[in-house]
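Subject: Structure for you to look at

Hello,

Here is the structure I promised to pass on. Please open it alongside this message, and my notes follow below it.

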Amino acid sequence: MELTGELTLASSRFRRLWARHEIRGQRGTPIRLRHPQVGELTLNRERLGVGGTDGLMMIVYHPDPGSADADALALLASADLPAGRASAAARHAEGARNR
């Protein structure tokens, strides 16, 4: 609901499409992927067909609530990701050397 609210405020096109209520869900499929910073994740893939369009789909990937996968995604979304800080520090050092 929060995402729908944000998209509704940010996009007049989304508002128009969402107001038509022509989106239908399809049964989700779990997928596994390996992220270089948090390792293996299992996410649920939901495909939503947008009615009145020629095959337009919205695909959403989400973890099971309270799972280790949800925790890993929260870590990726946080500013506390160790590899991200190390990478930013390396870029900063490289920039300082080039000045």
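His 35 stands opposite Gly 39 in β3. That pair sits where β2 (residues 29-35) and β3 (residues 39-50) face each other: the two strands run antiparallel and are joined by seven bridges. The connection between β2 and β3 is a hairpin of three residues. Further along the pairing, Pro 30 has Asn 44 of β3 as its bridge partner.

Before going on, please note that this is a predicted model. The mean pLDDT of the chain is 77, and 72% of the residues reach at least 70. Confidence varies by element: helix α3 (residues 68-77) has the highest mean pLDDT, 91, and helix α4 (residues 82-98) the lowest, 43. Over residues 84-99 the pLDDT stays under 50, and the model has three contacts there beyond four places in sequence. Where pLDDT is low, the predicted coordinates should not be read in detail.

Overall layout

The chain has four helices and four strands. In sequence order the pattern is α-α-β-β-β-β-α-α. Of the 99 residues in the chain, 14% are buried. Taking contacts between residues at least 6 apart in sequence, 30% of them join residues at least 24 apart.

The second hairpin

β3 also pairs with β4 (residues 57-62), again antiparallel, through six bridges. Six residues lie between β3 and β4 in this hairpin, and in the turn Gly 52 has a positive phi of about 80°. Two of the pairings can be picked out by name. Arg 45 has Tyr 61 in β4 as its bridge partner, and Leu 48 has Met 58 in β4.

Leu 48 deserves a second look. This residue belongs to strand β3. What is the relative accessible area of Leu 48, and is the residue buried or exposed? The value is 19%, and the cut-off for buried is under 20%, so Leu 48 counts as buried. Leu 48 and its partner Met 58 are ten residues apart in sequence, with their C-alpha atoms 5.0 Å apart in space.

Glu 40 and Ala 70

Glu 40 is another residue of strand β3. Its relative accessibility is 36%, so Glu 40 counts as partly exposed. Which residues does Glu 40 contact, leaving aside neighbours within four places in sequence? They are Arg 32, Leu 33, Arg 34 and Asp 69. Along the chain Glu 40 and Ala 72 are 32 residues apart, while their C-alpha atoms are separated by 9.2 Å.

Ala 70 is in helix α3. With a relative accessible area of 19%, Ala 70 is buried. Outside its neighbours within four places in sequence, Ala 70 is in contact with Pro 63 and Asp 64. Ala 70 can also be set against Thr 42: the two are 28 residues apart in sequence and 9.3 Å apart in space, C-alpha to C-alpha.

The helix pair at the start of the chain

Two packed helices are described by the angle between their axes and the distance between the axes. For α1 (residues 2-10) and α2 (residues 12-19), the angle is about 125° and the axes are 5 Å apart. The two helices are therefore oblique to each other. The residues of α1 that take part are Thr 4, Leu 7, Thr 8, Leu 9 and Ala 10, and they meet Ser 12, Phe 14, Arg 15 and Trp 18 of α2. By class, this contact is made of five nonpolar, three polar and one charged residues.

What to keep in mind

When you go through the model, β3 is a convenient place to begin, with seven bridges to β2 and six to β4. Helix α3 has the highest mean pLDDT among the elements. Residues 84-99, where pLDDT stays under 50, are the part to treat with reserve, given that coordinates with low pLDDT should not be read in detail.

Regards

Terms used
Residues are numbered from 1 along each chain as its sequence is written. This is a predicted model: local features need pLDDT of at least 70, side-chain atom pairs count only at pLDDT 80 or more; totals for chains, interfaces and linings use all residues. Side-chain values use heavy atoms; hydrogens and water are left out. pLDDT is the predictor's confidence in each residue, from 0 to 100. Contact means heavy atoms within 4.5 Å. Axes are lines fitted to C-alpha atoms, for helices over the stretch in contact, and angles run from 0 to 180 degrees between N-to-C directions. Angles under 35 degrees count as roughly parallel, over 145 as roughly antiparallel, 65 to 115 as roughly perpendicular and the rest as oblique. Ala, Val, Leu, Ile, Met, Phe, Trp, Tyr, Cys and Pro count as nonpolar, Asp, Glu, Lys and Arg as charged, and the others, Gly among them, as polar. Two strands pair if DSSP finds at least two bridges between them. Buried means under 20% relative accessible area, exposed over 50%, partly exposed in between (1.4 Å probe, protein chains only).
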